[in-house]
Every structure is written in C-alpha cells, then in structure tokens.
Amino acid sequence: MTITIRSLQEHIGAKVEGVDITLPINTQTFTRLRKALYKYAVLVFPGQDITDEQQVAFSRGFGPIQMTMASDPYGGGGPINRISNVDESGHIIPPDDNRSLYQAGNMLWHSDGSFKAVPLRASLLSAKVVPPIGGETEYASLRAAYAALPKEKKVSLEGLVAEHSMAYSRVQIAPNLLSEAFRKETSPVNHVLVRRLPETGENVLYVGSYASHVIGWSIEKGRALLKELLEWATQPQFVYQHRWRAHDLVMWDNRLCLHRGRPWKNGSYRRIMHRTTLAGDGPTVG
Ligand code: OGA
Ligand code: MN
C-alpha cells in the first residue's frame, strides 16, 4: 500500500494514510514515520480500529514504551492510560467529581510527562468513543514558536531552567486533587527552558502548565515569563486543532509541541481515549 503524508497546517500536523496499524509494519515504514513525526510533530492516522495490544505493538516500533506510574489514577502501572469520562461500570463520571477534575488538567496546555525528570518522548492517543461536538485536541508547535521569537528574546532565555510539577498543574484546577501516593511519586523537577534537539541541533521552547517558576528568579518574575512564553507559543498560527472521529489515532512528539483537550458536554456525552507513551532519552538538565 502506498503511504501518503499530507501536511495539515503551516507549522504543525500531517495526516497519514496507507498504513494499517492492525498489521505488522516493516522497519522502512517505521523509519519513514519517525522522520515524518520529527518534521510535522503531530501525525494523524484516521480509520485505525485497533486493540490495546495493537496500539502497544505499533508504539513499540518507535522505541521503548513508558509504563504508567502505579499511583497514576488512570494508568495503574500498565502501558495504557485511559482518558475517559466513563467509570468501570459504564456510567458517565459527574463533571464535578474529583476524577473529572483531575482529567481537566489535560485541558491546560502541556507536554506529557514534563513533571518527570525524564519526560515522555511521544504519545499515541486512540479515539474509542468521541462526543458529537467539542472534545477536540489542540497542538501548538514549540519549534515554530521558538523560531519566531526575536533574537534578543532568544538570547535572554539561554541557560534558564524552570521547575515543573504535577502539583502546580493540578492546583490550577482545584486544590487537593492528587492522592498522597501520587503526590509523593511526582515531586518537582527541573528542565531547561530552551531544549536542543539532538537530531538537528535546533532549539525548541519548553513551557506548559507544569512549568511553575524559573530557578534563581523570584516566583512572580519567573511565572510572568512562563505565562508570556506560553501565550506566545499557543498563538493560533502555531496551532493545529484535531476534531476527533472514532478510530483516529494521533501521535505526537512531546518535545516539539504542547497539547490541550477542549471541553465538551462531559456530563452528557462519552469520550473514551486510550493513550500509550514512549520513554524519553534522558533528563534535560545536566
Ligand atoms: C493526553 C491528553 C487531551 C485530550 O492524552 O495526554 O492530554 O484531548 N489528552 O484527551
Ligand atoms: Mn497530555
């Protein structure tokens, strides 16, 4: 089958057709897809009605999988993170329930796993059930955002390090959302504010809602800079919005983009997504 890869937005996103994820995929195809992921940051594979096992097998073709943390309320230590507003018995979880609020953290711009010392390399999200309206996912190019910064700004960011934490992200939604065990497993970490990609040596911004403050600066000054950079990076010209259809699989490189979920009537409509993630290569700070 011929593979076609078509760009979706000037700076980010491409649609991939001609790959069947239910079948074994050869090394050349993985090489081609890995290059496309690096180029476009987000790859959309429509019409992939896959099992969890097939998703895990496809994900592994790109590199080592990162298991969820045992204390993660939606992973429980396995390879699949269930991002869903439906409980085990098939009932919609009320929007004001703590479980819904925890997942609302996904609606803040973020890069998966930036609260970890070795952040997640890439994520793959498979849509099982989608609402008829709303519930899109948006992706913002951290590469285009960095490239468009004025030269002086780029220079002023050199060497800066920010603290990222799960607790800081969830406090923006509501206090006390995290279990004691999860809080203990997610203590704050440091990351460079400008990340250099080993593939090409190019720079990307590293911001998002886990980023709390700048090391060595007052909290207010650091937070103001992080807010300014987040607003910069998520301007419409850097963003692709994905409107989900059931059986879409979307893969993204967490180094190259931020993402956020958009709201929907989550008290009325089901939305069930299964995510796998690829492990990162190492810490961003020396
Ligand atoms: C994720 C995520 C947002 C969404 O899967 O990592 O942030 O729209 N998802 O479900
Ligand atoms: Mn996410």
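Which polar side-chain atom lies 2.7 Å from an oxygen atom of ligand 1? One from arginine 275 does, and the points below start from there.

A word on conventions: this is a predicted model, in which local features need pLDDT of at least 70 and side-chain atom pairs count only at pLDDT 80 or more, while totals for chains, interfaces and linings use all residues. Residues are numbered from 1 along each chain as its sequence is written, chains are lettered from A and ligands numbered from 1 in the order in which they are written, and side-chain values use heavy atoms, with hydrogens and water left out.

1. **Ligand 1 and its surroundings.** Besides arginine 275, two other side chains can be looked up here: an N or O atom of aspartate 112 is 3.1 Å from an oxygen atom of ligand 1, and one of histidine 259 is 3.0 Å from an oxygen atom of the ligand. Such polar contacts are pairs of N or O atoms within 3.5 Å; within protein, one must be able to donate a hydrogen and the other to accept it, and residues adjacent in sequence count only if both atoms are side-chain atoms. On its own, ligand 1 has 290 Å² of accessible area, and the protein covers 98% of it (Shrake-Rupley method, 1.4 Å probe; for residues, only the protein chains shown count as cover). The residues around the ligand include Ile83, Asn106, Leu125, Thr137, Trp252 and Gly261, where a residue counts if one of its heavy atoms lies within 4 Å.

2. **The manganese ion.** Ligand 2 is a manganese ion whose protein donors are His110 (NE2), Asp112 (OD) and His259 (NE2), at 2.1 to 2.2 Å. Donors are N, O and S atoms within 2.8 Å of the metal (3.2 Å for Na, K and Ca); water is not among the atoms, so the site may look incomplete. Along the chain, the donors follow the spacing H-x1-D-x146-H. His110, Asp112 and His259 are also among the residues around ligand 1.

3. **How enclosed the donors are.** Histidine 110 counts as buried because its relative accessibility is 2%, and aspartate 112 counts as buried at 3%. Buried means under 20% relative accessible area, exposed over 50%, and partly exposed in between (1.4 Å probe, protein chains only).

4. **Strand 6.** Have a look at residues 137–141: 5 of the 5 residues of strand 6 are buried, so the strand is largely enclosed by the rest of the structure. Thr137, Tyr139 and Ser141 point one way, and Glu138 and Ala140 the other way. Helices (H or I, at least four residues) and strands (E, at least two) are DSSP runs, numbered from the N terminus.

5. **Neighbours of strand 6.** Strand 6 pairs in the antiparallel sense with strand 12 (residues 239–242) over 4 bridges, and glutamate 138 has glutamine 241 as its bridge partner there. Strand 14 (residues 257–261) also runs antiparallel to strand 6, joined to it by 5 bridges, with threonine 137 opposite glycine 261. Two strands pair if DSSP finds at least two bridges between them.

6. **Nonpolar cores.** The largest nonpolar core has 42 residues, and Tyr139 of strand 6 is one of those with the most contacts inside it, along with others including Val42 and Leu229. Helix 8 (residues 219–233) gives the most to this core, with 5 residues. A second, separate core of 21 residues includes Val16, Leu43, Leu249 and Met251. A core here is a set of buried Ala, Val, Leu, Ile, Met, Phe, Trp, Tyr and Cys residues joined through side-chain atoms within 4.5 Å.

7. **Glutamine 9.** This residue is found in the loop between strand 1 (4–7) and strand 2 (14–17). Glutamine 9 is buried, with a relative accessible area of 18%. Its side chain reaches the backbone oxygen of valine 239 at 2.9 Å, and a polar atom of that side chain lies 3.0 Å from the backbone oxygen of glutamine 237.

8. **Two backbone angles to check.** Most residues other than glycine have a negative phi. Alanine 41, however, has a positive phi of about 70°; this buried residue, at 3% relative accessible area, lies in the loop between helix 1 (27–40) and strand 3 (42–45). Histidine 247 has a positive phi of about 75° and lies in the loop between strand 12 and strand 13 (249–253), partly exposed at 30%.
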